[in-house]
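Trainee: I should like to work through this model with you, moving from the fold as a whole to single residues. May I put my questions one by one?

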Amino acid sequence: MAVQDRASPSNKDLESIAQARSIAAAARKAQSVLAELSQEQIDAIVTAMAEAVTPQAEALARLAVEETGYGVVADKVQKNLFSSRQVYEFIRPMKTVGVVNRIDEKKIIEIGEPFGVVAAIVPSTNPTSTAIYKVLIALKARCAIVVSPHPAAARCITRSVEIMCDAACRAGAPVGSIGWMTNVTLEGTQELMKHRDVAVILATGGMGLVRAAYSSGKPAYGVGPGNAPCYIERSADLAKAASDIMIGKTFDNGVLCSSPNSVVVDEDVAEQVRRQFVSEGAYFMNAVEMEALAKVLVTPQRLPNPALVGKTAAAIAKQVGMTVPEGTRALIAPLTGVGRDYPLSIEKLCPVLSYYVVKDWREGCERCIQILRYGGMGHTMSIHSKNDDVILQFGLKKPAFRICVNTPTTHGSIGLTTGLDPAMTLGCGGWGGNITSDNISPRHLLNIKRLAYELRPAAKPGGSRVQGGSRVPDPGFPLPKAPARPEPAGISAQTLAARIDSFLESRGYHSPADKEDHSRTAQGVSADKPAAFVCEDDVRAAIKAGRKVIIDDKTIVTPSARDLGEAQKLFVQAGWPR
């Protein structure tokens, strides 16, 4: 009997690779049609998809829990609706076709171009909501998309995508705009990411898959792991802080990457906070129980055991052999350190929290940094405080790009309870090895080309100038002026009078000879020709009159006038269409 070479792909792998190539090629063909659709056509397709998948939110949530064993049906319903409603409402008014922006004062026109075919990797922890979100943002950007579902969630992901694909085709999307792999293997997914017809990768999943996305040779938006610390400062509303953290930790049994993983609390209020957590259904473990849990929950690779991911606190306690009170919602492990010697300090993806007591916000700051460095760099944290100075210090010092203030990290990071862009893919920036720190939206799947009109003429080449007694070539652009020589001690009466006149004019006083010029300023600069001089009063008068101020290369604009005019987008370069 022949023994298969372990380095060779299996028949299933070969089938998956072939499928990846076929679907990517179909998507590339559809891409050329999608790219030519109007904004109205694209918006109609996106609206049809959102309207089709929204009524299926509960059915898809139930299918996801049944298939994966992760999470809570009611919470997955909320996540599905978040994607189909809140994400949709956020992206609906976006301009993604043709001219997407005009910067009049710089004479620049911005034009959106689709990135191209998107390879979307969808995880098992948040399968249906992530699939809905990625398909919506891709089609909004006029990008065809090929979905590679996690094998453990293939049925629920496929069903989500099927619903949206049917609606998109009925609304006018070309065949092949939305594709998905049904024969999924790691080799097939890697082939998809490397395929020549794929332009960009949206990778959500384990670190191995995200690293593969970044090493594919294609632009990729990957997501680093989360290990979110939640700091409770002494001035916080302690009851709300404990409630927020418990809400975030138990939401969908903690499977979101921005779910709280550690509590850091000032010692002055530590006992009060502990009582608040107990009243919210938390169970504080002893040393023996923590050791038993760590052996089962944390793998030798310092990753959470998939058998416990997304399970309830009661189910986890039972599997470990712990006896906990009825109604226990989360297990809390009091720790004194972070790192390999403290296994429960990792990202846990289930209702288990580590718990640290610190002297003050400075020590709390350092502890939060340690936690983020142990598997959460660039991702998310929260601070619960009424002290704005401390809150700002955390914003300035922490290596996290989403710092949620007085709200659950789970909900705040994705834009459910905050003003952040609503998204299910959260960039971790340079700290997390990602290309962006943004919440990913259709903007990240657009390339922007720019029409840039001349603002100032280029100097003719071939001239020359004298420097140090020698003639040197003119560089063809304006040179900085030489610094003025210092005035000799004492000045003439004529110079002094000129300076006094200049100072008085800057304060609004004019000589009789200047009455005509003063009248011009009071009445506002001309609306038909470039102004020679623009001050703040001119700008305010133009704002009040509801008109633009025309300027050219010779116009003198005071600093205060420029700040106010640019803020109001009031200036128009001469010759630029208004």
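**Reading a predicted model**

Mentor: Let us begin with one arginine in this predicted model: R302 is partly exposed, with a relative accessible area of 24%. R302 lies in the loop between α11 (287-297) and α12 (313-320).

Trainee: What sign does the phi of R302 have, and about what value?

Mentor: R302 is not a glycine. Its phi is nonetheless positive, at about 60°.

Trainee: R142 also has a positive phi although it is not a glycine. Is R142 buried or exposed?

Mentor: R142 is found in the loop between α5 and β4 (145-149), and its phi is about 65°. The relative accessible area of R142 is 4%. Buried means under 20%, so R142 is classed as buried.

Trainee: What percentage of the residues in the protein is buried?

Mentor: The protein contains 19 helices and 21 strands. It exposes about 27,900 Å², of which carbon and sulfur atoms supply 53%. Of its 578 residues, the buried share is 50%.

Trainee: Among contacts between residues at least 6 apart in sequence, what percentage joins residues at least 24 apart?

Mentor: The count leaves out pairs that are less than 6 apart in sequence. Among the contacts that remain, those joining residues at least 24 apart make up 69%.

Trainee: How are helices α2 and α5 oriented relative to each other?

Mentor: Helix α2 (residues 39-53) and helix α5 (residues 127-140) have axes 9 Å apart and pack at an angle of about 170°. Angles over 145 degrees count as roughly antiparallel. The two helices, α2 and α5, are therefore roughly antiparallel.

Trainee: How many residues of the contact of α2 with α5 are nonpolar?

Mentor: On α2, the contact is made by Q39, I42, D43, I45, V46, M49, A50 and V53, and on α5 by I132, V135, L136, L139 and K140. One of the contact residues is polar and two are charged. The nonpolar residues number ten.

Trainee: Which element gives the most residues to the largest nonpolar core?

Mentor: The largest nonpolar core has 77 residues, and M49, L136, L139, I145, I178, I201 and L445 have the most contacts inside it. Not counting residues up to four places away in sequence, M49 touches V135, L136, L139, M164, A167, A168 and I178. Eight residues of this core come from the element that gives the most, α5.

Trainee: Which residues does A138 contact, leaving aside its neighbours within four places in sequence?

Mentor: A138 is found in helix α5 and is buried, with a relative accessible area of 0%. Its C-alpha atom is separated by 9.8 Å from that of L202, 64 residues apart along the chain. With neighbours within four places left aside, the contacts of A138 are V118, C143, I145 and L445.

Trainee: How many residues does the other core have, apart from the largest?

Mentor: That core lies apart from the largest one. Its members include L297, V324, A333 and C350. The number of residues in it is 36.

Trainee: What distance separates the C-alpha atoms of K249 and C350?

Mentor: K249 is in helix α9 (residues 238-250) and counts as buried at 0% relative accessibility. Leaving aside neighbours within four places in sequence, K249 is in contact with residues including L349, C350, P351 and T410. Although K249 and C350 are 101 residues apart along the chain, their C-alpha atoms are separated by 7.6 Å.

Note on methods:
Residues are numbered from 1 along each chain as its sequence is written. This is a predicted model: local features need pLDDT of at least 70, side-chain atom pairs count only at pLDDT 80 or more; totals for chains, interfaces and linings use all residues. Side-chain values use heavy atoms; hydrogens and water are left out. Axes are lines fitted to C-alpha atoms, for helices over the stretch in contact, and angles run from 0 to 180 degrees between N-to-C directions. Helices (H or I, at least four residues) and strands (E, at least two) are DSSP runs, numbered from the N terminus. Angles under 35 degrees count as roughly parallel, over 145 as roughly antiparallel, 65 to 115 as roughly perpendicular and the rest as oblique. Contact means heavy atoms within 4.5 Å. Ala, Val, Leu, Ile, Met, Phe, Trp, Tyr, Cys and Pro count as nonpolar, Asp, Glu, Lys and Arg as charged, and the others, Gly among them, as polar. Buried means under 20% relative accessible area, exposed over 50%, partly exposed in between (1.4 Å probe, protein chains only). Accessible areas come from the Shrake-Rupley method with a 1.4 Å probe; for residues, only the protein chains shown count as cover. A nonpolar core is a set of buried Ala, Val, Leu, Ile, Met, Phe, Trp, Tyr and Cys residues joined through side-chain atoms within 4.5 Å.
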